[in-house]
Amino acid sequence: MQHVKLHEVALTNTAKKTREHKSNYIDTVREAIDQNDRLYLFSYENMRSNHFKDVRLHFRGNSNAMDDGESGGGEGRLFLGKNKLLQIALGRTSEDEYSENLHQISKNLTGSVGVLCTSQSPKRVEDYFANLAIEDFARAGQVSPRTVILSKEQIETHPVSMVEQFRKLGLPVEVKNGRVAFIGGREEWEVCKEGNELNVEQCKILVHMGIKLAVFRIELMSSWEKEEGSVSDLQ
């Protein structure tokens, strides 16, 4: 009986901590709204944590000290990965929205999206994201944007010690005259075809060849201006 009671107490404490964590997250989002002049809803593709970290630092580091004479405002913040909590923080309806018209942003918080709170000018923000496109290696499950064909020249630059590893990935290679070559003297080999989903082996081959097929991008969907309480479609 004592064991059951201890178990119930543990579950109660866990549930309490979870509620507190959610409440703290909502408070943090609302604090960022209070401290900044505008809010953006954005979508993203080919998310990479290392690249997204740079985006966070860009807005966190520049919102207090603008080099073009802009007023500071609060520290810029980005939020993503918790759409339901973001919806609650902004408000889902005109009755429970945190500030005027934020529910219009909230209704589109579904899928691969996030929120940026900043005091940087619209031009600075929009220019930054318009120029944000970082190439990276594709991951399994991504649809290939183009057909990739390896030439014998690309293969022979690799050390012969990699032949066995290449074979395990499906590359038809052998050692010929002390160099890596395609079996049967073929001149080229197709790694992937445009429009087809990439598998793990294909992605590893692309990494070995230094071929980047993914592009990390963030696209602004809409904006909200605190002063006017206005929402604008940016797509």
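Begin by selecting Glu31, which is found in helix H1, residues 2-35; helices here are DSSP runs of H or I with at least four residues, strands are runs of E with at least two, and both are numbered from the N terminus. At 46% relative accessibility, Glu31 counts as partly exposed, a class that lies between buried, under 20% relative accessible area, and exposed, over 50%, with a 1.4 Å probe and protein chains only. Add Arg77 to the selection: Glu31 and Arg77 are 46 residues apart in sequence, and their C-alpha atoms are 9.9 Å apart in space.

Before going further, note that this is a predicted model, in which local features need pLDDT of at least 70 and side-chain atom pairs count only at pLDDT 80 or more, while totals for chains, interfaces and linings use all residues. Residues are numbered from 1 along each chain as its sequence is written, and side-chain values use heavy atoms, with hydrogens and water left out.

Now show the whole chain, whose secondary structure comes to 8 helices and 10 strands. Of its 235 residues, 40% count as buried. Among contacts (heavy atoms within 4.5 Å) between residues at least 6 apart in sequence, 73% join residues at least 24 apart.

Next, select helix H3, residues 83-90, where 6 of the 8 residues are buried. The buried residues are Asn83, Leu85, Leu86, Gln87, Ala89 and Leu90. Step just past the end of H3 to find Gly91, which takes a positive phi of about 105 degrees.

Turn then to the largest nonpolar core, a core being a set of buried Ala, Val, Leu, Ile, Met, Phe, Trp, Tyr and Cys residues joined through side-chain atoms within 4.5 Å. Of the 22 residues in this core, Leu150 and Leu171 touch the most other members. Strand E5 (148-151), helix H7 (163-168), strand E7 (179-182), strand E8 (188-192) and helix H8 (200-208) each supply at least two residues of this core. A second, separate core of 20 residues includes Ile26, Ala32, Leu85 and Ala89, and two of these, Leu85 and Ala89, are among the buried residues of H3. Return to Leu171 and display its contacts: leaving out residues up to four places away in sequence, Leu171 touches Leu150, Ile155, Phe166, Trp189, Ile205 and Met209.

What lines the largest pocket? Select Lys152, Glu156, Lys176, Asn177, Arg179, Val180, Ala181, Phe182, Gly185, Arg186 and Glu187 to see its lining. A pocket is an open set of points on a 1 Å grid over the protein atoms alone, where a 1.4 Å probe fits, with protein on both sides within 12 Å along at least five of seven lines, and lining residues have an atom within 4 Å of a point. The largest share of this lining, 4 residues, comes from E7.

Finish towards the end of the chain with Ser223, found in strand E9, residues 214-225. Is Ser223 buried or exposed? Ser223 is buried, because its relative accessible area is 7%. Beyond four places in sequence, the residues that Ser223 touches include Leu39, Tyr40, Ile105 and Leu234. Leu234 lies in the segment after strand E10 (230-233) and is partly exposed, with a relative accessible area of 29%. The C-alpha atoms of Leu234 and Tyr40 are separated by 9.5 Å, although their positions lie 194 residues apart along the chain as a sequence separation. Among the contacts of Leu234, leaving aside neighbours within four places in sequence, are Tyr40, Glu126 and Ser223.
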